[in-house]
Amino acid sequence: MKYFSLAILLSLSCYAQDLSLNQAIEQIKSKNLEVQIADYELKASRLDIDRVEASNYGKLDFTQNIMRSNDAANVFGFKLTSREATFNDFGFSEFGNIPMDAPIQGLNYPGNQNFFQSKLRYELPLYTGDKISAYEDIAKQMKDISSLDKQALINTKIFETRKAYYNMALLESSLKNLSLISKNISHLEKMTQDMIQEGYAKKIDLLEVQSKKANISRIISELKANKELLYHFLSFLLNQDIKQIQLPQGELKLPQLSNALDNNINIQKSLTALKIHKNLLRAESSRNLPTIGAMAEIQTADNSFLGEANKHKSYSLGLQLKWNIFSAGADSAAIEKSRMNYLKMQTQTQLVKQAMSLQLKKIKTHIKSSEEKIINLNLELDLAQKIYENYEGRYKEQLSSMSEVIVKQSNWLAKVLELLKAKNMKNQAIFSLQKLINLEGNPL
């Protein structure tokens with residue numbers, strides 16, 4: 001019991017630990033519901049490969065016919081199939097007793113006949129003009145597309161998770177700055193109240209300070225509400241209730257960009273689609289080639305189920321060659337259309353490569369611009385804080401008005417929020433870059 005309680009305490013302590021970004025990323029791959037759906041789609045595409053490959057081994061069908069008829073052709077056929085036909089079935093018992101041109105009653109008007117036929121038939125394609133092989137390759141490449149789709153989805157969810165974590169870190173940093181501003185404005189409020197009592201300030205000054213204090217409180221409340229929304233979003237992504245996370249430390253670093261687009265998902269999907277169109281052209285081209293198939297069949301038939309099965313059994317063996325030698329140009333048109341689609345896909349693949357290269361350049365430019373903006377804003381933020389502190393001192397000495405102090409404090413606040421926005425834009429650009437270069441690796 002003691003060890004059991006200890007195990008529970010350990011498990012609870014592990015659960016209580018803040019979830020790190022790396023842990024969240026690993027859980028995304030298994031717990032996110034959209035990723036689970038993509039995994040089912042991938043498994044289904046693998047089964048399509050098995051289905052296509054199975055056609056190489058042919059098919060074996062069992063057929064059981066149960067019939068009853070008094071139709072002359074049916075009854076005569078039943079007896080022949082059952083190997084039970086007699087001379088009487090041809091009307092020989094009536095010869096000599098009726099004219100030669102009279103209808104044969106026994107043959108034309110037979111009695112009711114039961115028919116039980118058990119048949120086993122195996123069909124095997126021997127040559128299909130490369131069609132089955134082409135469809136096998138297409139099925140494998142469709143599986144590759146599903147794998148890439150799953151990886152793209154995982155990348156998107158990781159992108160959203162990283163963004164939420166770093167946004168949370170930025171919010172915490174901004175809240176610290178706003179807390180400092182709030183303390184300063186509270187100090188200014190207390191100082192203004194003291195100066196009013198001493199006759200050095202007016203009530204309008206106090207109202208200006210209190211108005212600004214309310215403004216800062218409103219912004220702090222909005223940032224806290226954004227934190228709560230981020231926790232809700234993370235809970236949705238990870239399919240579990242998230243209350244605390246381990247904030248990432250330091251600034252987000254740029255990934256390595258050598259051969260950056262080698263693993264890009266869109267380019268890989270386009271190249272795989274090109275292979276699919278090539279194999280579709282192979283399959284269509286088989287229209288000009290013959291197909292050869294083999295069959296083997298064994299059966300038994302009787303007027304009762306499996307009656308004298310061994311005595312009434314029969315077999316059939318055969319080969320079939322089928323070759324369409326005239327289709328009024330329909331086959332040629334289908335092949336040419338497939339060739340046009342292949343050429344179109346070649347051009348689309350080149351377009352995708354160029355588009356991804358352009359996107360990479362745009363993201364790198366945004367990151368560089370954001371980095372320069374952040375450096376300048378940090379300097380401006382330090383200056384805005386010092387100017388505010390200077391004006392606060394000047395107000396105390398009655399060298400500046402409260403309106404001037406509030407303006408400088410507003411400038412300080414504006415720089416804090418502007419810096420938050422710039423850092424957020426830089427982080428988002430880096431996340432987009434990670435997603436673009438498929439940082440999680442090539443799934444194929």
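**Figure 1. Asp-130, a partly exposed loop residue.** Asp-130 is partly exposed, with a relative accessible area of 36%. The model shown in this and the following views is predicted. Asp-130 is found in the loop between S2 and H6. Its phi is positive, about 75°, although Asp-130 is not a glycine. Most residues other than glycine have a negative phi.

**Figure 2. Asn-239 in the loop between helices H7 and H8**. Asn-239 follows the segment assigned to helix H7 (203-238) and precedes helix H8 (265-285), in the loop between the two. The phi of Asn-239 is near 55°, a positive value in a residue other than glycine. With a relative accessible area of 42%, Asn-239 is partly exposed.

**Figure 3. Helix H6 and the glycine that follows it**. Helix H6 comprises 68 residues (residues 131-198). At 1.5 Å a residue, H6 should span 100 Å, and its end C-alpha atoms are 98 Å apart, which agrees with that expectation. Gly-199 comes after H6 and has a positive phi, near 85°.

**Figure 4. The stacked aromatic pair of Phe-78 and Phe-115**. A search of the whole structure finds 4 aromatic pairs. In the pair formed by Phe-78 and Phe-115, the rings are stacked, at 4.2 Å centre to centre and with 5° between the planes. The pair links distant parts of the chain, 37 residues apart: Phe-78 belongs to helix H4 (residues 72-81) and Phe-115 to strand S2 (residues 113-127). Phe-78 has a relative accessible area of 5% and is therefore buried, the cut-off being under 20%. Phe-115 also counts as buried, at 5% relative accessibility.

**Figure 5. The tilted aromatic pair of Tyr-388 and Trp-412**. The ring centres of Tyr-388 and Trp-412 are 5.3 Å apart, and the angle between the planes is 40°, so the pair is classed as tilted, being neither under 30 degrees nor over 60. Tyr-388 lies in helix H9 (residues 330-396) and Trp-412 in helix H10 (residues 402-436), so the pair ties together parts that are 24 residues apart in sequence. Tyr-388 counts as buried at 0% relative accessibility, and Trp-412 is buried with a relative accessible area of 2%.

**Figure 6. An aromatic cluster, and charged ends over the ring of Tyr-391**. Phe-159, Tyr-166 and Phe-431 form one aromatic cluster. At Tyr-391, the charged end of Arg-394 sits over the ring, 5.4 Å from its centre. The charged end of Lys-408 also sits over the ring of Tyr-391, 5.1 Å from the centre.

**Figure 7. A nonpolar patch on the surface**. The patch covers about 790 Å² and is made by Leu-60, Phe-62, Leu-120, Tyr-122, Ile-298, Tyr-315 and Leu-317. Strand S1 (59-69), S2 and strand S4 (313-322) are the elements that give two or more residues to the nonpolar patch. Among the patch residues is Tyr-315, which is placed in strand S4. Tyr-315 is exposed, with a relative accessible area of 65%.

**Figure 8. Asp-331 in helix H9**. Asp-331 is found in helix H9 and counts as buried, at 11% relative accessibility. Asp-331 and Thr-161 are 170 residues apart along the chain, and their C-alpha atoms are separated by 52 Å.

Technical notes
Residues numbered from 1 in each chain as written. Predicted model: local features only at pLDDT ≥ 70, side-chain atom pairs only at ≥ 80, totals over all residues. Heavy atoms only, no water. Phe/Tyr/Trp six-rings, centres within 6.5 Å; stacked < 30°, edge-to-face > 60°. Helix = DSSP H or I, 4+ residues; strand = E, 2+ residues; numbered from the N terminus. Buried < 20%, exposed > 50% of the residue type's maximum accessible area, 1.4 Å probe, protein only. Lys NZ or Arg CZ within 6 Å of the ring centre and 35° of its normal. Patch = residues over 30% accessible without salt bridge, like charges linked within 9 Å, V, L, I, M, F, W, Y side chains within 5 Å. Areas by Shrake-Rupley, 256 points an atom, 1.4 Å probe, with all protein chains shown as cover. Salt bridge = Lys/Arg side-chain N within 4 Å of Asp/Glu carboxyl O. Expected span 1.5 Å × (residues − 1).
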